[in-house]
Amino acid sequence: MKNTLSESGSHASHVVEGSFDDIDALAAAALDWDQEYEQLGRGRFNGRLRQLVIGQVQLNREQWQTGVLQSGAAPKGTWVFGLPLKAEGPLHIRRRPVQNGELLAATSRDDVGFVADGATDMMIVVLPNSVINRWMRARRGGDGVDPDLPPRHWVVTSTEIASRSQRLSALQGELLDSSSVDMTDQLLTYVESKISDTIFDIIPSAEIVEALHRRAHIAREVLRVFHNCIDDPPNVTELCEKVGARERTLYLSCVEAYGRPPAQLLLELRLNAARRALAHPGETTTVTAAASRFGFTHLGRFSALYGRQFGELPSTTLHNALGVG
C-alpha cells in the first residue's frame, strides 16, 4: 500500500493506493473514515483502494471481488456519493434497495449501511456541506440538498451513472498523475466544480424562470463578465453568482439573446480572443502561448476547434500576420 502526502501549493493532499487481501485492512486504510466491512459470499477477498483527499473533498475508487457489507458514516459535515461503474447483484444503501441508475447518497448523520451483493467497482465522492450548499444556491436556488429527497429524484440510466463515474475516475487519474501540479485555490475550485457538476446536475431544477426583460439583462451581464475575464473565465457556479441567476435561467437567457448556451458562447469568445492575439502578434507570440492564455490546455483540440471556427489553422493565422511563407 502507498500512502503519500503532498504539501505543494495552498492545500495539502493525501493519497492512499493499495491492493488488499484482508477486508479489515481495506476498511482501515481509507483516510477520515470510521467504518467496518464484512464479507458476503464465498471466495478469497480481493480489494483495491485509490483515494485522493484534499481538505474535506475526497475522490475515491474502490473495487472488490466478493460481496461487502459496510457500516459506518461519511466524514463529519459532509455528504458521501457513490457512482457504480460495475455492480454484480443488487445494491442497498441506508437500509433500502437501490434502483438501477440511482445516485447513492448519504449524510454524515446516516449509518451508510451499504450492501453490495457481488463484485463491485465504484467511485465514492465526499463533499463538505459548504461546497454543496454553494452549488445548490447558485445553480438551483435552494439551500443545500434535502436529505429526505425521494430516491426517484436521484435516478438516471445505469449507462449515464457509469459514464459519470468514468468521468470522476478520469479526473482522479489526472490529478494523481500530475504530481507536479500545485493544489492552489484556483485548482481546488476547479476540482470542486467538476465533481459538483458531475453529481448534482442529476437533480432537476424546480426554479421559476424570470421574465423576458429580466433574462435580457442577465444575458448582457453574462457577456460583460466573459469579456472582463476572458483569460480566466468563471465556471458555471461562479457565473450564476456573479449575475444573480440560476442555471436554467442563465441557459435560457443566453439562448434567447445569442442563439447559444453560455458554454458555447464562452468558447467562441475565447477562440476570437486567441485569433486576435495571433493576428496581431507580439515578439513572443506563439500558438501555444495564445492557446494557453485563453484557457486551451490541449493544443490539438484547440487547433481543431480553431480550424472549424475560422477555416484555417492557428499557425496559418500567425504565419500570415508575421509575413511568413
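The exercises below, each with a worked solution, concern helix packing, salt bridges and one backbone angle in a predicted model.

**Exercise 1. Determine how helices α5 and α6 are oriented to each other, and which residues make their contact.**

Step 1. Locate the helices: α5 covers residues 212–228 and α6 covers residues 236–243.

Step 2. Take the geometry of the axes. They come within 10 Å and cross at roughly 120°.

Step 3. Classify the angle. Roughly perpendicular covers 65 to 115 degrees, and roughly antiparallel begins over 145. The crossing angle therefore makes α5 oblique to α6. The hand of this crossing is right-handed.

Step 4. List the contact residues. Helix α5 contributes Arg214, Ile218, Glu221, Val222, Val225 and Phe226. Helix α6 contributes Leu239, Lys242 and Val243.

Step 5. Sort the residues by class. The contact has six nonpolar and three charged residues, and no polar ones.

**Exercise 2. Describe the packing of α5 with α8 in the way used for α5 and α6.**

Step 1. Begin with the axes, which are 11 Å apart and at an angle of about 40°.

Step 2. Give the hand: α5 crosses α8 in a right-handed sense.

Step 3. Name the two sides of the contact. On α5 they are Val222, Leu223, Phe226 and His227. On α8 they are Pro262, Leu265, Leu266 and Leu269.

Step 4. Sort by class. Seven residues are nonpolar, one is polar and none is charged.

**Exercise 3. For the salt bridge of Arg44 with Asp21, find the atom distance, the location of each partner and its exposure.**

Step 1. Recall the principle: side chains of opposite charge can pair when their charged atoms come close.

Step 2. Check the distance against the cut-off of 4 Å. The closest N and O atoms of Arg44 and Asp21 are 3.6 Å apart.

Step 3. Place the partners. Arg44 is in the loop between β3 (34–40) and β4 (47–54), and Asp21 is in the loop between β2 (13–20) and α1 (23–29). They are 23 residues apart.

Step 4. Judge exposure, for which the cut-off is over 50% relative accessible area. Arg44 has 69%, so Arg44 is exposed. Asp21 has 55%, so Asp21 is exposed as well.

**Exercise 4. Carry out the analysis for Asp177 with Arg50 and for Arg275 with Glu312.**

Step 1. Start with Asp177 and Arg50, whose closest N and O atoms are 3.8 Å apart. Asp177 belongs to helix α3 (residues 158–177) and Arg50 to strand β4, so this salt bridge ties together parts 127 residues apart in sequence.

Step 2. Compare their accessibility with the cut-offs. Asp177 is exposed because its relative accessible area is 61%. Arg50 is partly exposed, because its value is 24%.

Step 3. Turn to Arg275 and Glu312, where the closest N and O atoms are 3.3 Å apart. Arg275 sits in helix α8 (residues 262–279), and Glu312 in the loop between α10 (299–310) and α11 (314–322). The separation along the chain is 37 residues.

Step 4. Judge exposure again. Arg275, at 27%, is partly exposed. Glu312, at 22%, is also partly exposed.

Step 5. Look for shared partners. Arg139, Arg140, Asp197 and Glu247 are joined into one network by such salt bridges. The whole structure holds 16 salt bridges.

**Exercise 5. Explain why the phi of one residue stands out, and locate that residue.**

Step 1. State the usual case: most residues other than glycine have a negative phi.

Step 2. Examine Asp32. Its phi is positive, about 70°, although Asp32 is not a glycine.

Step 3. Locate Asp32 in the loop between α1 and β3.

Note on methods: Residues numbered from 1 in each chain as written. Predicted model: local features only at pLDDT ≥ 70, side-chain atom pairs only at ≥ 80, totals over all residues. Heavy atoms only, no water. Axes fitted to C-alpha atoms, helices over the stretch in contact; angles between N-to-C directions. Helix = DSSP H or I, 4+ residues; strand = E, 2+ residues; numbered from the N terminus. Parallel < 35°, antiparallel > 145°, perpendicular 65-115°, else oblique. Left-handed = near helix turned anticlockwise from the far one by under 90°. Contact = heavy atoms within 4.5 Å. Nonpolar A, V, L, I, M, F, W, Y, C, P; charged D, E, K, R; others polar. Salt bridge = Lys/Arg side-chain N within 4 Å of Asp/Glu carboxyl O. Buried < 20%, exposed > 50% of the residue type's maximum accessible area, 1.4 Å probe, protein only.
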